[in-house]
Each structure stands twice: as structure tokens, then as C-alpha cells.
Amino acid sequence: MKRNGNSSKQNVSMHGRGVNRPPGRLLPFRQSRKERAVPTSSASTTDSARPATGGVQSLERAFDLLERMADAGGEVGLSELSASSGLPLPTIHRLMRTLVACGYVRQQANRRYALGPRLIRLGESASRLLGTWARPHLARLVEETGETANMALLDGDEIVYVAQVPSKHSMRMFTEVGRRVLPHSTGVGKALLAGFPPEEVRALLARTGMPAATEKTITTPDGFLAALEEVRRQGYAIDDNEQEMGVRCLAVSVPDSPTAAAISISGPAGRVTEAATEKIVPVLQQVAAELSETLTSSGGPAA
């Protein structure tokens, strides 16, 4: 337990074992990413401002290519993009040249294309806004459950916490916003990976390994896949002393989120009991649905 500054309040560290490793391949989020049917044009088709779904077709195609690059690990060849998107090579080449000129894509020495550094600033700003949008929903979770509320994303092979509202109890859980942990020992990790095919989960676990954070951490792929099946069956995930002894977390994914996201509550095992779980889970699910509406809302018509 750690004391909070000069206050007499005591905090219990949650998710204290971060990981200092670069993120791996970004897996596609099967539940939330809706594959758009990008029209296949001929080599003579121009990328003019021609609406495809009420917008500018060339912009839609450019963003679709960026997402496909992220799904492929951040670096791809033109032929791979053509095969996955259905667009002809001349069209992709024109779009990529524009993205390279703007700094959102860079061409490597091996002639393949990688996500560019200008995307970092956009991502950091979007992440901060995501936390801002989520905070009122997390505050409601704290109000109704009494426990610390968190929001986390799947970034590469890791879980990253992007927002938190602490409990008002003197004994409460906390984790640093921005902390990265491996998904196999967390409730949010289970909630997120429950939407992935088993073969992709096994591949992720093979890349990260499954180190034991506590004696209750699941450390085998078969055991973890069984836990994910339980998540799908019951509609929520549990971290039962698996990341930190004495701490229980309940988590659900945010449906239809633009990126793989989950929310959770965490508290001492003595408070987050089986009886408390029955009351907390419906609140978690309702707040997740409301947060989904906030994240997927366009914010009103453009001027």
C-alpha cells in the first residue's frame, strides 16, 4: 500500500507491473472495425472528389489504406495494399505519394511504405480527447459502484490505460494513465481479446509470453482461451488477483468503439465480491453502451 502524499488516505497499487517494450503488430479489432466496401476503380479512374458514402472518395480511400497499414503492423508493400483493398496499383500509388508528401507515410529503403511520424501527434491528441470524452462516463461508474473506474485500449500487443477516475474510498486502486501492461493478466485484456479469433490470440501470446504477475495469473494459452470463452459466455471479464494480489477487477469491452477499448472497475477483493459483481456488471455494461454512443457520434452536422 502507498500513502497518497501527505494525506492519511491509503492507496493500493493496481497493475503495478508495467512493461517496457515496443508495441508489436496491431491486431484488427474484429468487433468494432467495420470493413468498408471501397469501390475498385480501373487504372484510368481518377481520385476526384467523388462521394462514395456521402464524402470525398479519395479521402475515404486514403484513411482506409492507413488503417490497413496499421492492421498489417505499420509497414506494407503496394501489392499487399492492392490485394487487401481491391484498389488498382496506380490508384494506391497516387494516394501513397500524397500521404508521403504530407508526412503521414514514409517510403522505406526497401521500397515498402510505413506509417509516418506526423501520425504520432494526431494519435496523442486523439488519445487525450478520448480520455476527456470517457471521463464523465467513468465518473458515473465511480458514483454508482464506489470503485475506481478505468478505460484502456489495445495498442499493438499491449494494454494501455488512457483514462481513470479514482474511487472516493480511502482504500482504493490506482494505475497511471499511459501505463502499459500485457493483456493476459488483466480484466480489460480479457474483455478486449474475447472478440478475436483464437489463432490471433495464440499468436499474440506467443509474441508477448505469459509471465506470472501473481500466483493466480493464467500462464498457458489453453487456459487463457478457456477464460476468453467464459468472458463471451457471461458478457464480462474478471481479473481475480491475477495482476495484483488482493485486487479484483471487472471489465467489459466498449461495443462498436472506433478502436479496441474496454472499461473496468477495480477494488479490494474484500469489496468486489461475488455479490457485488452481480450489481456492478449491469452498470458496467450500460455505461459501456453509453460511452460507445459518445465515441461513435459524429458530433452533429458539419458547418
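Q: What makes β10 and β11 a pair of strands?
A: In this predicted model, 4 bridges join β10 to β11. Pairing needs at least two bridges, so the count of 4 qualifies. The two strands run antiparallel. One position shows the match: aspartate 239 stands opposite cysteine 249 in β11.

Q: Why is β10 called an edge strand?
A: β10 (237-240) pairs on one side only, and β9 (180-181) does likewise. These two strands close off an open sheet of 6 strands, in the order β9-β7-β6-β12-β11-β10. The pairing in this sheet is antiparallel. In general, strands of a sheet pair through backbone hydrogen bonds, either parallel or antiparallel.

Q: How do you know that β6 pairs with β12?
A: The two are joined over 6 bridges, in the antiparallel sense. At least two are required, so β6 and β12 count as paired. Alanine 152 shows one match, standing opposite alanine 262 in β12.

Q: How many bridges join β6 to β7?
A: There are 7 bridges, and the strands run antiparallel. The cut-off is two, so β6 and β7 are paired as well. Aspartate 155 has glutamate 158 of β7 as its bridge partner. The two strands form a hairpin with 2 residues between them. Glycine 156 sits in the turn, with a positive phi of about 65 degrees.

Q: Why is β6 described as mostly covered?
A: Of the 8 residues in β6 (148-155), 7 are buried. Buried means under 20% relative accessible area, so 7 residues of β6 fall below that limit. For the protein as a whole, 47% of the 303 residues count as buried.

Q: Which residues touch the most other members of the largest nonpolar core?
A: They are Leu138, Leu141, Met151, Leu250, Ile263 and Leu284, in a core of 30 residues. Two or more residues each come from α4 (118-145), β6, β7, β11 (247-253), β12 and α8 (274-296). The largest share, 9 residues, comes from α8. In soluble globular proteins, nonpolar side chains tend to be buried together.

Q: What is leucine 138 in contact with, leaving aside its neighbours within four places in sequence?
A: Leucine 138 contacts Ala149, Asn150, Met151, Ala163, Gln164, Val165 and Ile263. Each of these contacts has heavy atoms within 4.5 Å. Apart from this core lies another, of 25 residues, including Ile159, Val188, Ala194 and Ala260.

Q: Where does α8 lie?
A: α8 lies across β6, β11 and β12. Its direction is at about 40 degrees to β11.

Q: Why are α6 and α7 called oblique to each other?
A: Their axes cross at roughly 135 degrees. Angles of 65 to 115 degrees count as roughly perpendicular, and those over 145 as roughly antiparallel. The value 135 fits neither range, nor the one under 35 for roughly parallel, so α6 and α7 are oblique. The axes come within 11 Å, and the crossing is right-handed. Pro198, Val201, Arg202 and Leu205 of α6 make the contact with Pro221, Asp222, Phe224, Leu225 and Leu228 of α7.

Q: How do α2 and α3 cross?
A: The axes of α2 (78-85) and α3 (89-102) cross at roughly 115 degrees and come within 9 Å. α2 passes α3 in a right-handed crossing. On the α2 side, the contact is made by Leu78, Ser79, Leu81, Ser82 and Ser85. On the α3 side, the residues are Leu89, Ile92, His93 and Met96.

Q: Is arginine 111 buried or exposed?
A: Its relative accessible area is 60%. Exposed means over 50%, so arginine 111 is exposed. Arginine 111 belongs to the loop between β4 (105-107) and β5 (113-115). Although not a glycine, arginine 111 has a positive phi of about 80 degrees.

Q: What makes aspartate 256 partly exposed?
A: Its relative accessible area is 39%. Buried is under 20% and exposed is over 50%, so 39% puts aspartate 256 in between. Aspartate 256 is found in the loop between β11 and β12. Its phi is positive too, about 60 degrees, although aspartate 256 is not a glycine.

Notes:
Residues are numbered from 1 along each chain as its sequence is written. This is a predicted model: local features need pLDDT of at least 70, side-chain atom pairs count only at pLDDT 80 or more; totals for chains, interfaces and linings use all residues. Side-chain values use heavy atoms; hydrogens and water are left out. Buried means under 20% relative accessible area, exposed over 50%, partly exposed in between (1.4 Å probe, protein chains only). A nonpolar core is a set of buried Ala, Val, Leu, Ile, Met, Phe, Trp, Tyr and Cys residues joined through side-chain atoms within 4.5 Å. Axes are lines fitted to C-alpha atoms, for helices over the stretch in contact, and angles run from 0 to 180 degrees between N-to-C directions. A crossing is left-handed if the near helix is turned anticlockwise from the far one by less than a right angle, and right-handed if clockwise.
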